[in-house]
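Hi,

Here is the structure I promised to pass on. Have a look at it first, and then read on for what turned up when I went through it.

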Amino acid sequence: MKGKQGDSLARRGTKRSLNRRILSNTTLNILVLVVVCCGIMALSLQSLANNILLDSLQPMARQSAKTVEANVHMLADRMMNIAGDPRMKTASAAGSGGTEASRPDPAANRRAVLEEAAEIYEFHTIALYDLNGQLVQGIDAAPKSLESGFLALLKETDNLTIASSTGYDGKLGITMGMPVKEDGKTTLFVMGVYKYDILDDVISSINLGRSGMAYMVNREGVVTAHPDQSLAMGRSSLAQLSGGNQKAVERVTAGETGATEFSVDGEAMLVAFSPVRGTQWSLVIQIPKSDYSHFINGAMLLSILATLAVLIVSILLVLRLARSISQPVKRVTGRMVALSNGDLHTDVLPVDTGDELEVMTQTLDATLESLNRYISDIQQVLTRVASGDLATEPQVDYRGDFVLIRSSLRTITESMNETLLGFRAAADRLTTMADQLSGQSAQLHQASLEQNRSTEELVHEVTNVKDRLANVTESSDRTRSQTEEITRRIQSANEQMTALSSAMDDISANAQQITKIAKDIEDIAFQTNLLALNASVEAARAGAAGKGFAIVANEVKQLAAKSAEAAQSATAMVNNTKAIIQTGVELTADTAGSLRAISDVSGQISTISDQLTAAVQGQEAALAVMEARIATISDIADRNLQNAGETEQSSGSLAKEAEALQIHVRKFVLKGSDER
C-alpha cells in the first residue's frame, strides 16, 4: 500500500512540475494584471479625454456667446440712436418757435430717419408703431401690426426688446423694438428687422473638429440660428438636434452655462452651451466624439504594445528564475517521496545553492537521522511493555518538540501502572458492592410501588387544572370580541369628528373670504364717496347746468355711505361667526382627544386579553407536556420494579468476576511493587 502511494506521489510530481507551475501562475497573474491595467487605462483615457474636451468647450461656448452678445449690443445701440433721434419727436416737442407753416412735418422727419437707417444699416425693414402695435410709418413692406407677444414684451420692459424668434416673412432676421419717448413717456415703438448675416457670420466661424458646429436656440427650445439655415427657417427644435435628451434641453432652455454628453442617432456628441445675455437665446456648440476618438485609440494602442513587450520580457525572466528553483526542489522532493514510502536510510544528496534550498536539504538530512534514533528507542520501550515490564523508561535524549514523545511514553507507563493498581482496588470494592446491591434491591422495589401511586394522583390533578384553564380561555375570547367592537365604534366616531373639524375649517376660511370682500366693499364705498364729493364740487362750479349732476352725486354719496355701513355690519357678523366657529373647533378637538384616549384604553384592554389568552394556552401546552412526562415516569417506575429483582441476581455474578480480575492484574510488574 505504501509503495502504491509513493508511485502516485512520484507521478503527480512529474505531471505538475514546479517549473511549469511557477511559469503558468506568474504568466497568468501578469496577464490578468495587464488586462486589468489596460482596461483601467482605456476607461481613464476615455474619461480624461471627455473631461478635457468638455472643460475646453465650456469657455469656448461662453466666449462665442459673448461675441454674439457684442454684435447684438451693437445692433441695440443703433436702435437706441434711431429711437433717440430728435426728428422722431412731434412738431410741438421739436420746437415751438415760428409760424405754423414754418414748422417741420413730423411724419416727413420720421420717414427721413427710417430711410437713413435702412440705407446705412442692414435692415430687412424698419417701421414705427403706435402703442396698440398698429403701423404708423414704415418702409420695405413693414408688417401692419406687431406680433402680440412681442408687443406685450415691449410694453412690459418699456425698453429695448429682442424677439425670441428669427423668422420674418419667409426670411431670417433679428427683430428689435425700442420705445420712442417724449417728456419721459412712450409715444411710439420703432421696430427693425436686421438681416440674418450678422448671426450667420458668428455661427459659421465656429468650426471645431471635422464636423463640429454651433447653433442657437431660444427659451422655447426652437432653433433660431444654424449653419443649415433650413433648420432655423423650419423652426426645428433642440429636442430633435439632441436626440430627445430632455435633461440637456431643460438645462439649455433654463439659461444655464455648462457642458454635457448625449447620443444622436447612435453617435456620441460633446455639447457645451451658454446663454446670450440681453436676449432669450442660448448658444450651443456640438461636436461628434468620433472627431477626437482616433487620438485616444492611437494612444491606447501604443500603450498596449508597450505593455505586451514588457510582458514578454517578464515571462523570459520568470522562466529563468523558475528553472534555477525547480532543479534543487526536484531533488529534495524525490527524497521526501522516498521518505513517505518508509525509506529512512537513503542519503540526501547535498545542494550547494547558498539559499533556503541548501538549508532545507541539510535540515531534511538531520531530520532523517533524528527519526531513525527516536524510532529505535520507541521500539525498545514498546517491546518491554508488551512483555509485561511497566517499569521501563526511554533511553534516548529527545530534542525540541520530540520531547513530547518521551513525555508521552513515560505518561503511558505511569498511567498503566496507576490503572492496574486501580483495577486491584476496584476488584475489592466490587465484591463489597455486590453484597450491598442485594439489600438495596428490596428497597428499590418498595419505592417503585409508592412512585406509581403518586403518579396516578398527579395525573388526576393535572386534568382538573386543564378544565379550569379552558373556562378562562373562553371568557378571554368573549372579552376580546367586545373590546374590538368598542374600538371599531370609537374609530368611526374619530372619522366623523375629523370630517366635522374639516367642515369647521372650511367655514372659517369662507368667513375670512367674506371679511376680505366686505373690506373691498368699504374701499369701494370710500372711493365712491370721494368721487361723489368731487362731482359735487364740479357741479357747484358748473352752476345751474350742474344741478342735476349734483343731485346724482348726492345720491351716489348716500349710496356709498349705506354700502360702507352694510360692509361694516357684514364684517361684525363674520367676526361673531368666526368666534363661534373657533369655539366649535376647540370643542371638536377636545371631543376627538377624549375619543382617542378611550381608543387607547380599549387597545390596552385588547392587548391584556390577548396576553391572558396566550398565557392560558401556554399553560395548557405545559400541562399536556406534563401528562406525557408523568406517563413516562410511570413506565420508568414499572421498569425499575422489574430491574430490582434482576439486580439481586447479578450481584453474585459480579463478585465472581472481581476475583478473576484480581488474578489477571497480578501478572504485571508495577513500579514500587515486586508482586506479579
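Val36 sits in helix H2, which runs over residues 18–83. One thing before going further: this is a predicted model, so please read everything below in that light. Is Val36 buried, partly exposed or exposed? With a relative accessibility of 43%, Val36 falls in the partly exposed class, because that class lies between the 20% limit for buried and the 50% limit for exposed. Val36 also belongs to a nonpolar patch on the surface, together with Leu28, Val32 and Ile40. The patch comes to about 350 Å².

Next, helix H5, which covers residues 148–157. Its buried residues are Phe150, Leu151 and Leu154. These three lie on the same side of H5, because the arc they cover around the axis is only 100 degrees. The general background is familiar: with 3.6 residues a turn in an α-helix, residues three or four places apart point the same way. Over on the other side of H5, you will find Ser148 and Glu156 exposed. And what covers the buried residues of H5? The cover includes three strands: S3 (161–162), S5 (171–182) and S6 (185–195).

The two ends of H5 deserve a look too. At the start of H5, Glu147 brings a side-chain oxygen to within 3.1 Å of the backbone nitrogen of Gly149. Just after H5, Asp158 has a positive phi, about 50 degrees.

Then there is Lys144, in the loop that lies between strand S2 (135–139) and H5. Lys144 counts as exposed because its relative accessibility is 66%, and the limit for that class is over 50%. Which residues does Lys144 touch, leaving aside those up to four places away in sequence? They are Tyr129, Gly133, Gln134 and Leu135. For one of them, Gly133, there is also a C-alpha distance: Gly133 and Lys144 are 11 residues apart along the chain, and their C-alpha atoms are separated by 8.5 Å.

Finally, the chain as a whole. It has 676 residues, of which 30% count as buried, and it contains 13 helices and 11 strands. If you take the contacts between residues at least 6 apart in sequence, 62% of them join residues at least 24 apart. The accessible surface of the chain is about 40,600 Å², and carbon and sulfur atoms account for 56% of that.

Over to you!

How values were computed
Residues are numbered from 1 along each chain as its sequence is written. This is a predicted model: local features need pLDDT of at least 70, side-chain atom pairs count only at pLDDT 80 or more; totals for chains, interfaces and linings use all residues. Side-chain values use heavy atoms; hydrogens and water are left out. Patches are made of residues with over 30% relative accessible area and no salt bridge: like charges are joined within 9 Å, nonpolar side chains (Val, Leu, Ile, Met, Phe, Trp, Tyr) within 5 Å. Accessible areas come from the Shrake-Rupley method with a 1.4 Å probe; for residues, only the protein chains shown count as cover. A salt bridge is a side-chain nitrogen of Lys or Arg within 4 Å of a carboxyl oxygen of Asp or Glu. Helices (H or I, at least four residues) and strands (E, at least two) are DSSP runs, numbered from the N terminus. Buried means under 20% relative accessible area, exposed over 50%, partly exposed in between (1.4 Å probe, protein chains only). The arc is that of the directions from the helix axis to the C-beta atoms. Contact means heavy atoms within 4.5 Å. A polar contact is a pair of N or O atoms within 3.5 Å; within protein, one must be able to donate a hydrogen and the other to accept it, and residues adjacent in sequence count only if both atoms are side-chain atoms.
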